[in-house]
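Subject: Structure handover

Hello,

Here is the structure I promised to pass on. Please open it alongside this email.

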Amino acid sequence: MKPTLGILGGMGPAATAEFLREFTLQTPADKDQDHYPSISLSDTSVPDRTEAILAGTGEEVLTKLRADCDKLIGWGVSVIACPCNTAHYFLRQFKDELSVPIVDIIDATADQALARARQQNAVPTAWLTCTRGTMRTGLYQEAAEARGLNLLVPDDKYFDEFSAIIALVKAGEMDEAGARWRVIYDDLTGSQQVPVLTACTELPLAHAASGLPGQNEVSSLKSLAYATLKELGAIPLARSGVDPI
């Protein structure tokens, strides 16, 4: 019997749906029965993670995420994946106390970024795009340093635009989100042509809506799907913009 995946979602809903699509695309399967069973808990009541980090008021976020993980475990899941980068600041504070593993989106995306960057530069280098909360925690900076990845962090002014694009995706305004993302992407890659980590799970959706090619993007959603399948014991199909690692 295949293990059951628990998806801790709702942060946001569109990113959760896209994660499940990516997970399905990368699953080696010929029929329904080859796929993994999953249970999705889309908890849209979790307070804004970035606001909590910046204000130092994360107790409610921490409590809700822990309760949601306990629910999923009680429902019989074997592995938990959470398609929200900023939430991992809180998940890391208790994940070792759980009876099932949480697949770490930060590690998954950093691994993919290193593999992609090594293909392009003698000194592996990549841009970081994410929420201001994720940037302030230093999670990606630490992961990059541990892997020998030169991570370029944009000037602070860019994070206001990242936040605006993320909000547009959450509101379903995909055309505007894609258009504004294209401007940012062209600006960053015009300065330095290296892979771009879309390290907020709304940003891969904005990238897709922009019409830009995917080969220079390192999607945190695709990276999480790939790492989750490996955690479940599968050999993921290296397609849709992920590298076999």
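Below are my notes on the sheets, helices, cysteines and a few single residues.

This is a predicted model: local features need pLDDT of at least 70, side-chain atom pairs count only at pLDDT 80 or more, and totals for chains, interfaces and linings use all residues. Residues are numbered from 1 along each chain as its sequence is written, and side-chain values use heavy atoms, with hydrogens and water left out.

First sheet

Four strands make an open sheet, ordered S2-S1-S3-S4, with parallel pairing. Helices (H or I, at least four residues) and strands (E, at least two) are DSSP runs, numbered from the N terminus. Two strands pair if DSSP finds at least two bridges between them. The edges are S2 (38-42) and S4 (102-103), each pairing on one side only. S3 (residues 79-81) is joined to S4 by two bridges. Ala81 stands opposite Val103 in S4.

Two helices lie across this sheet. H1 (residues 13-26) crosses S1 (5-9), S2 and S3, at about 150° to S1. H3 (residues 59-74) crosses S1, S2, S3 and S4, at about 155° to S1. Axes are lines fitted to C-alpha atoms, for helices over the stretch in contact (heavy atoms within 4.5 Å). Angles run from 0 to 180 degrees between N-to-C directions.

Helix H5

H5 covers residues 105-120. Its 16 residues should span 22 Å at 1.5 Å a residue, and the end C-alpha atoms are 23 Å apart, which agrees. The expected span is 1.5 Å times one less than the number of residues. Asp104 caps the N-terminal end of H5, with a side-chain oxygen 2.9 Å from the backbone nitrogen of Ile106. Buried residues in H5 include Ile105, Ile106, Ala108 and Leu114. Buried means under 20% relative accessible area, exposed over 50%, partly exposed in between (1.4 Å probe, protein chains only).

Second sheet

Another open sheet has four strands in the order S6-S5-S7-S8, with parallel pairing. Its edge strands are S6 (150-152) and S8, each pairing on one side only. Neighbouring strands here are turned by 30° against each other on average, direction ignored. Three bridges join S5 (residues 125-129) to S6. Ala126 stands opposite Leu151 in S6. H11 packs on the sheet, touching S7 and S8, and makes about 55° with the direction of S8. H10 (residues 203-210) lies across S5, S7 (196-198) and S8, at about 140° to S8.

Ser219 and Gly241

Ser219 lies in S8 (residues 217-219). Ser219 is buried, at 3% relative accessible area. Its side chain reaches the backbone nitrogen of Leu221 at 3.2 Å. Leaving aside neighbours within four places in sequence, Ser219 is in contact with Thr198 and Pro204.

Gly241 sits in the segment after H11 (220-231). Gly241 is partly exposed, at 33% relative accessible area. With neighbours within four places in sequence left aside, Gly241 is in contact with Arg116 and Lys222.

Cysteines

How many disulfides does the structure hold? Zero. A disulfide here is a pair of cysteine sulfur atoms within 2.5 Å. The closest cysteine sulfur to that of Cys82 is in Cys84, 5.4 Å away, so too far for a bond. Cys130 is in no disulfide either, and the nearest cysteine sulfur, that of Cys200, is 8.1 Å away. Cys82 is buried, at 0% relative accessible area. Cys130 is buried, with a relative accessible area of 0%.

Best wishes

Note on methods. Polar contact = N/O pair within 3.5 Å; in protein donor to acceptor, adjacent residues only side chain to side chain.
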